[in-house]
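Q: Please take a close look at a single part of this protein, and then set that part in the context of the chain around it. A connected account for a reader new to the structure would be welcome.

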Amino acid sequence: MTEELSIGGQLFSKVLNKALLIPGMTVNREDFLINHLPHYYQRLGDELLSKGPVQAGIDPKELYKIGKATINYHTAIATCISAGLGLPGGIAMAGTVPADLAQYYAQLLIMAQKLAYLYGFPDLKKNSDEMKTVLLLGFLAIMFGQSGSDLAKVVIQNYSKQWGKVILKSGGTKTTIYQAINLCAKLLGFDKLGKKAAANVLHKSIPIIGGIVSGVFTLGTFKPSGNKFNNYFFKEATKFKKETQKQSL
């Protein structure tokens, strides 16, 4: 696998692999919807789970508010993680892939899963392990402002299926797991770490503080990233709902 990854990709892959092993990393879609939309579940029952909140008739504006609360919750957790690294200004950057760094990315991905399910994204468990990882990386791409990337297109293609739409003429992109990891490594700044420094991190686990550009692990980007993701899915859900309503007239 490392032969097909850039130096930055290898480092990011190391972080990602640790993050994916953290307990609670995989969000249970049904449990999340039932626990966070209890009143709607009482009224809609299994329709909420089978169709998803938006198709079941919940106003995207209401979901947006719940999304904001979810972002605030995980931002609070990220604050504790950042403080755990003991760096000033709430900024934490490290090259040794410590548990704190993996926890940070785990929180980003857990938050992204919850927000996606809130707007009706299909259960990630229905995908192969590789496709699930590509979709999670697509979530990161959207969170960091790359909604037009191939990774983001994979995400919206999967989201659009529930609305009976195929928005990409090719039926989807052919992004491989290696391409996805390399793209995210570049997006998040891991590939800007010098080759010698990255090699030390990968093979000797020598601490490198500040070696990765700001943005890789900064508390200041956590909440904005969540807001970008929430805004993105709010707009897509609103658009699809309006189109569906027009077709039913």
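A: **Helix H8 and its setting**

Helix H8, residues 150-160, is mostly covered, with 9 of its 11 residues buried. The buried residues of H8 are Leu 151, Ala 152, Val 154, Val 155, Ile 156, Gln 157, Asn 158, Tyr 159 and Ser 160. The model in which this helix appears is a predicted one.

The chain as a whole gives the background for this helix. The protein chain holds 11 helices and 0 strands, and its elements, read from the N terminus, run α-α-α-α-α-α-α-α-α-α-α. An α-helix has 3.6 residues a turn, so residues three or four places apart point the same way. Of the 249 residues in the protein chain, 49% count as buried. The accessible surface of the protein chain amounts to about 11800 Å², and carbon and sulfur atoms account for 53% of that surface. Among contacts in the protein chain with a separation of 6 or more, 74% are between residues 24 or more positions apart.

The interior may be considered next. The largest nonpolar core comprises 68 residues, and those with the most contacts inside this core are Phe 12, Tyr 105, Phe 121, Leu 137 and Leu 140. Helix H6, which covers residues 99-118, gives the most to this core, contributing 14 residues.

A polar residue offers a further point of detail. Asn 230 has its place in helix H11, which spans residues 219-248. Asn 230 counts as buried because its relative accessibility is 1%, where the cut-off for buried is under 20%. When neighbours within four places in sequence are left aside, Asn 230 is in contact with Tyr 64, Gly 67, Lys 68, Ile 71, Leu 115 and Tyr 119.

Open space in the model forms the last part of the picture. Rolling a probe the size of a water molecule over the atoms shows where empty space is left. The largest pocket contains about 190 Å³ of space. It is lined by 15 residues, of which Arg 29, Leu 49, Pro 122, Asp 123 and Lys 126 are the closest to its centre. By character, the lining of the largest pocket divides into 3 nonpolar, 6 polar and 6 charged residues. Helix H2 (29-36) and helix H4 (46-51) each supply at least two residues of this lining, and H4 gives the most, with 3 residues.

Note on methods:
Residues numbered from 1 in each chain as written. Predicted model: local features only at pLDDT ≥ 70, side-chain atom pairs only at ≥ 80, totals over all residues. Heavy atoms only, no water. Core = buried A, V, L, I, M, F, W, Y, C linked by side-chain atoms within 4.5 Å. Buried < 20%, exposed > 50% of the residue type's maximum accessible area, 1.4 Å probe, protein only. Helix = DSSP H or I, 4+ residues; strand = E, 2+ residues; numbered from the N terminus. Contact = heavy atoms within 4.5 Å. 1 Å grid on protein atoms, 1.4 Å probe; cavity = no way out; pocket = protein on both sides within 12 Å on 5 of 7 lines; lining within 4 Å. Points joined across faces, edges and corners; volume = space filled by probe spheres on them. Nonpolar A, V, L, I, M, F, W, Y, C, P; charged D, E, K, R; others polar. Areas by Shrake-Rupley, 256 points an atom, 1.4 Å probe, with all protein chains shown as cover.
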